[in-house]
Amino acid sequence: KLSLLLKVLEGESQQTLASQFKLFQERALPDLGSNIKCGNSLIGSDFYQGASGMLPMFGEEERLRINVFDWEKEFPRILGGSDPGFDMVIGNPPYIRIQALKEWAPLEVEFYKQRYVSAGKGNYDIYVVFVEKGLSLLNGKGRLGYILPHKFFNAQYGESLRGLISKGKHLAEVVHFGDRQVFSGATTYTCLMFLDKAGAESCRYINVDDLTAWNLGGQKSPTEGTIPASIVTQKNWAFTIGRGAALLEKLRAMPHTLENMTDRIFQGIKTSADKIYIVEEVDRKPRGVRVLSRETGKEHWLEPDLLHPLIKGGDSKRYRLT
């Protein structure tokens with residue numbers, strides 16, 4: 001509250017404040033008591049209701065830590081009436097993998113899994129739940145605007161959220177930063193995503209090539225265009241504007257993909273220890289393969305079933321069978 005009130009006073013002087021009081025007979029600083037609330041916005045008071053309707057035995061310390069938030073009670077005027085909800089929801093939700101949450105908030109993690117569609121698929125990140133909750137808080141004409149990682153566009157855990165957004169045609173605009181870093185001191189791959197509760201037949205898409213130019217109000221050669229809602233589906237989102245769009249649409253229309261044609265391609269373990277796990281074949285016999293290890297500098301005999309051909313980096317060429 002103090003931070004916001006100080007922002008209100010920027011550019012003001014004793015003279016301007018005195019003039020305001022004289023003209024309008026009101027205080028210079030607004031009362032923020034009903035504007036700023038504190039609580040876990042994802043968890044309501046029904047969190048404490050067990051399967052039998054009885055309150056579980058939660059200690060006072062645990063209750064304070066969980067800090068449930070009753071939206072209807074805190075914002076009765078906004079969430080009541082014929083078209084309940086906010087005109088706008090704006091935020092930068094936390095980016096926390098569910099594995100980390102399980103260590104200090106296991107009860108909440110289980111609640112999210114049961115209550116939210118977006119939390120039902122794999123090891124999700126908590127920001128996808130915030131998107132679902134924010135969307136549910138909008139009125140019929142409301143809009144949501146978040147800055148968040150774009151990993152859910154393609155990750156398996158994002159499938160449920162992509163389905164929720166595509167079903168209602170909620171996706172209105174995306175500003176994609178790619179690998180350009182927006183936050184100093186943190187490596188995150190983010191985008192701006194805007195959702196309309198009413199839905200739309202198309203989505204505005206901007207790919208930011210020059211972050212500095214974009215911050216100044218525009219970029220030299222912006223990649224910008226419109227994406228029809230028909231291609232925003234539950235499947236992976238790979239939006240392309242400009243020269244590559246026609247090729248991507250052609251690939252999407254293909255009835256068969258590479259995964260339909262073979263079951264022999266897979267990604268091996270990723271340990272950052274190539275010297276240990278990548279070996280050079282020296283000799284092969286029915287019951288064993290002699291390999292040279294860069295880690296030990298020696299030759300070893302290994303079972304054939306442990307080894308697979310490797311394609312790495314420059315080994316992979318288009319139109320070439322390896």
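**Exercise 1. Salt bridges around R204**

Task: State how many salt bridges the structure holds, and work out which parts of the chain R204 ties together through its pairs with E173 and E224.

Solution.
Step 1. The structure, which is a predicted model, holds 14 salt bridges.
Step 2. One of them joins the side chains of E173 and R204, with an N to O distance of 2.8 Å. E173 belongs to strand β3 (residues 171-176) and R204 to strand β5 (residues 202-207), so this pair ties together parts that are 31 residues apart in sequence.
Step 3. R204 also meets the side chain of E224 in a salt bridge, at 2.9 Å from N to O. Here the link runs between distant parts of the chain, with E224 in strand β6 (residues 223-228) and R204 in strand β5, 20 residues apart.
Step 4. Classify the three residues by relative accessible area. E173, at 14%, is buried, because buried means under 20%. R204 has 36% and is partly exposed. E224 has 38% relative accessibility and is likewise partly exposed.
Result: R204 in β5 is paired with E173 in β3 and with E224 in β6.

**Exercise 2. A salt-bridge network**

Task: Find which residues are linked with R290 and E299 in a network of salt bridges, and decide whether R290 is buried or partly exposed.

Solution.
Step 1. Start from the pair itself: E299 forms a salt bridge with R290, and their closest N and O atoms are 2.5 Å apart.
Step 2. Extend the pair to the network, which links D283, K285, R290 and E299.
Step 3. Read the accessibilities. R290 has 23% relative accessibility and so counts as partly exposed, since the buried class stops under 20%. E299 is also partly exposed, with a relative accessible area of 44%.
Result: D283 and K285 are linked with R290 and E299 in the network, and R290 is partly exposed.

**Exercise 3. Helices α7 and α8**

Task: Determine how many residues of helix α7 are buried and which elements they pack against, then treat α8 likewise.

Solution.
Step 1. Helix α7 spans residues 127-136 and is mostly covered, with 9 of its 10 residues buried.
Step 2. The buried set consists of Y127, V128, V129, F130, V131, E132, K133, G134 and L135. The charged residues E132 and K133 are among them.
Step 3. These residues pack against two helices, α4 (71-74) and α8 (159-167), and against the strands β1 (86-91), β2 (138-149) and β4 (190-196).
Step 4. In α8 the buried residues are S160, L161, R162, G163, I165 and S166. They pack against α7, β3 and β4.
Step 5. After α8 comes K169, which has a positive phi, near 50°.
Result: β4 is packed against by buried residues of α7 and by those of α8.

**Exercise 4. The second largest pocket**

Task: Give the volume of the second largest pocket and find which element supplies the largest share of its lining.

Solution.
Step 1. The volume is about 580 Å³.
Step 2. The lining has 22 residues, of which S41, W71, V89, I90 and Y146 are the closest to the pocket centre.
Step 3. Two elements, β1 and α7, each give two or more residues to the lining.
Step 4. β1 provides the largest share, 5 residues.
Result: the pocket of about 580 Å³ takes the largest share of its lining from β1.

**Exercise 5. The N-terminal end**

Task: Establish which residues K1 contacts beyond its sequence neighbours, and which residues form a nonpolar surface patch with L2.

Solution.
Step 1. K1 sits in the segment before α1, and its 52% relative accessibility makes it exposed, because the exposed class begins over 50%.
Step 2. With neighbours within four places in sequence left aside, K1 contacts L32, G33 and I36.
Step 3. The C-alpha atoms of K1 and G33 are 8.6 Å apart, although 32 residues separate them along the chain.
Step 4. L2 lies in helix α1 (residues 2-9) and is exposed, at 61% relative accessibility.
Step 5. L2 joins L6 and L9 in a nonpolar surface patch, and together they have about 280 Å² of accessible area. An α-helix has 3.6 residues a turn, so residues three or four places apart point the same way.
Result: K1 contacts L32, G33 and I36, while L2 shares its patch with L6 and L9.

**Exercise 6. The whole chain**

Task: Describe the chain by its elements, its burial and its contacts.

Solution.
Step 1. There are 12 helices and 9 strands.
Step 2. Of the 322 residues, 30% are buried.
Step 3. Among contacts with a separation of 6 or more, 58% come from residues 24 or more positions apart.
Step 4. The chain exposes about 22,000 Å², and carbon and sulfur atoms supply 54% of that area.

How values were computed:
Residues are numbered from 1 along each chain as its sequence is written. This is a predicted model: local features need pLDDT of at least 70, side-chain atom pairs count only at pLDDT 80 or more; totals for chains, interfaces and linings use all residues. Side-chain values use heavy atoms; hydrogens and water are left out. Patches are made of residues with over 30% relative accessible area and no salt bridge: like charges are joined within 9 Å, nonpolar side chains (Val, Leu, Ile, Met, Phe, Trp, Tyr) within 5 Å. Accessible areas come from the Shrake-Rupley method with a 1.4 Å probe; for residues, only the protein chains shown count as cover. A salt bridge is a side-chain nitrogen of Lys or Arg within 4 Å of a carboxyl oxygen of Asp or Glu. Helices (H or I, at least four residues) and strands (E, at least two) are DSSP runs, numbered from the N terminus. Buried means under 20% relative accessible area, exposed over 50%, partly exposed in between (1.4 Å probe, protein chains only). Contact means heavy atoms within 4.5 Å. On a 1 Å grid over the protein atoms alone, a cavity is a set of points where a 1.4 Å probe fits but cannot get out, and a pocket is an open set with protein on both sides within 12 Å along at least five of seven lines; lining residues have an atom within 4 Å of a point. Grid points are joined across faces, edges and corners, and a volume is the space filled by probe spheres set on the points.
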